[in-house]
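User: I am new to this structure and would like a close look at how its helices pack. Please go through one helix pair step by step, then set other local details beside it.

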Amino acid sequence: MEMHVSLVPGLLELKNPVLSAAGTFGSGLEYLPYGDITQLGGIITNGLTLRPCMGSPMPRIAETPSGLLTSVGTQNDGAEHFIREVLPQLPWQDVPIIPNLNANFVDDFSELAGMLAAEEGVAALEVNLSCHNDNRSGQRFNQNPVTAARAVSAVKKAAKDKPVIAKLSPQIMDIVEVARSVEAAGADVISCIGKVQGLAVDVRERRAMLGNITGGLSGPAVKPLALRCVWQISRAVDIPVIGVGGIRCAVDVLEYLLVGAHAVAVGSASFSDPETIFRIVRDLPAVCEEYGIDDLSEFRSSLKV
Ligand SMILES: Cc1cc2nc3c(=O)[nH]c(=O)nc-3n(C[C@H](O)[C@H](O)[C@H](O)COP(=O)(O)O)c2cc1C
């Protein structure tokens with residue numbers, strides 16, 4: 001069965017609709033012992049910043065019912081290190097490599113996008129709009145359609161002909177409004193959702209479970225929230241949507257395609273079992289057959305409402 005997905009025709013072609021989600025698959029190299037990374041639809045890398053970033057205080061991970069609460073704080077060695085040391089080792093001729101961009105200021109987004117887009121091995125850029133913006137109020141870029149659009153249009157300009165994926169968080173009143181706004185600002189693709197802010201506590205110790213106190217919730221607990229966002233957005237915009245949140249098996253992938261996603265990204269499931277994403281790619285054709293699906297594009301958005 002044909003699994004190929006043309007996310008941005010001629011510019012972002014995927015062997016299949018399954019990508020790795022930012023921050024959960026390293027650069028891709030870390031997963032080489034667990035499977036053939038060139039068989040994935042694409043690799044969205046760990047979050048990158050312009051300069052090296054120390055990240056959040058420990059502990060950074062807490063298990064919660066049906067989910068993970070994490071605060072890594074975008075620990076990374078910076079974009080230059082990625083370009084010099086990591087990208088040349090990645091099989092970018094055989095699988096699209098998509099760096100995930102994080103910045104506090106629009107100008108930093110612009111510089112980061114320019115540096116990375118100039119690299120032949122970079123297929124597209126994903127802009128994490130859940131990071132903080134420059135008004136220093138703790139607001140995030142995508143809490144406001146105007147700031148979200150400003151960040152996307154800066155990245156789009158700097159990215160030249162490389163496709164730009166705008167990653168949205170659901171922590172806003174109206175995610176559809178932000179989706180429309182980033183589409184108008186030039187985003188080629190939307191991915192959603194990012195993590196949802198949460199708090200886990202230890203009553204005996206009277207402490208928060210994470211060093212940063214609060215963190216982001218991911219995993220099966222967020223899947224219904226993500227499916228709702230993908231469904232609403234895919235009906236409101238003309239660009240493709242990558243569904244992210246709680247995917248653990250091939251049937252979960254079909255759930256996202258059913259509500260309108262063109263592709264999906266597998267996140268924290270790769271922590272509990274690093275073979276998950278490879279298994280999903282392997283299982284998908286047989287699971288499609290089991291559900292009577294012989295054309296993914298026909299199946300997409302076929303939810304009966
Ligand atoms: C430890 C961790 C780090 C993450 N780092 C990033 C990041 O740097 N940039 C980003 O856009 N999303 C980041 N995410 C969010 C994931 O890409 C994904 O959107 C989210 O975890 C929901 O998917 P899941 O339920 O399959 O994990 C991170 C998630 C986790 C668990």
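Analyst: Two helices count as roughly perpendicular when the angle between their axes is 65 to 115 degrees. The model discussed here is a predicted one.

Helix α6 covers residues 250-258 and helix α8 covers residues 276-290. Their axes are 8 Å apart, and the helices pack at an angle of about 65 degrees. α6 and α8 are therefore roughly perpendicular to each other. Their crossing is right-handed. On the α6 side, the contact is made by Ala250, Val251, Val253 and Leu254. On the α8 side, Ile280, Asp283, Leu284, Val287 and Cys288 take part. By type, the residues of this contact divide into 8 nonpolar, no polar and 1 charged.

A second pair can be set beside this one. Helix α2 (residues 106-117) and helix α3 (residues 145-159) have axes that come within 8 Å and cross at roughly 30 degrees. Angles under 35 degrees count as roughly parallel, so α2 is roughly parallel to α3. This crossing, too, is right-handed. α2 contributes Val106, Phe109, Ser110, Ala113, Gly114 and Ala117 to the contact, while α3 contributes Arg150, Ala151, Ala154, Val155, Ala158 and Ala159. Here the division is 9 nonpolar, 2 polar and 1 charged.

Next comes the ligand. There are 22 residues around it, and Ala22, Lys167, Gly219, Gly246 and Ser268 come nearest. For lysine 167, an N or O atom of the side chain is 2.8 Å from an oxygen atom of the ligand. Serine 268 places a polar side-chain atom 2.6 Å from a ligand oxygen atom. With glycine 47, a backbone N or O atom is involved, and the distance to an oxygen atom of the ligand is 3.4 Å.

The backbone remains. Most residues other than glycine have a negative phi, and most peptide bonds are trans. Against that background, three places can be pointed out. The peptide bond from methionine 58 to proline 59 is cis, with omega near -10 degrees. Proline 59 sits in the loop between β4 (42-48) and β5 (61-64). Another cis peptide bond joins cysteine 192 and isoleucine 193, where omega is about 15 degrees. Isoleucine 193 belongs to the loop between β10 (189-192) and β11 (196-199). Threonine 74 is not a glycine, yet its phi is positive, at about 55 degrees. This threonine 74 is found in the loop between β6 (67-70) and α1 (79-86).

Definitions and conventions: Residues are numbered from 1 along each chain as its sequence is written. This is a predicted model: local features need pLDDT of at least 70, side-chain atom pairs count only at pLDDT 80 or more; totals for chains, interfaces and linings use all residues. Side-chain values use heavy atoms; hydrogens and water are left out. Axes are lines fitted to C-alpha atoms, for helices over the stretch in contact, and angles run from 0 to 180 degrees between N-to-C directions. Helices (H or I, at least four residues) and strands (E, at least two) are DSSP runs, numbered from the N terminus. Angles under 35 degrees count as roughly parallel, over 145 as roughly antiparallel, 65 to 115 as roughly perpendicular and the rest as oblique. A crossing is left-handed if the near helix is turned anticlockwise from the far one by less than a right angle, and right-handed if clockwise. Contact means heavy atoms within 4.5 Å. Ala, Val, Leu, Ile, Met, Phe, Trp, Tyr, Cys and Pro count as nonpolar, Asp, Glu, Lys and Arg as charged, and the others, Gly among them, as polar. A residue is near a molecule or strand if one of its heavy atoms lies within 4 Å of it. A polar contact is a pair of N or O atoms within 3.5 Å; within protein, one must be able to donate a hydrogen and the other to accept it, and residues adjacent in sequence count only if both atoms are side-chain atoms.
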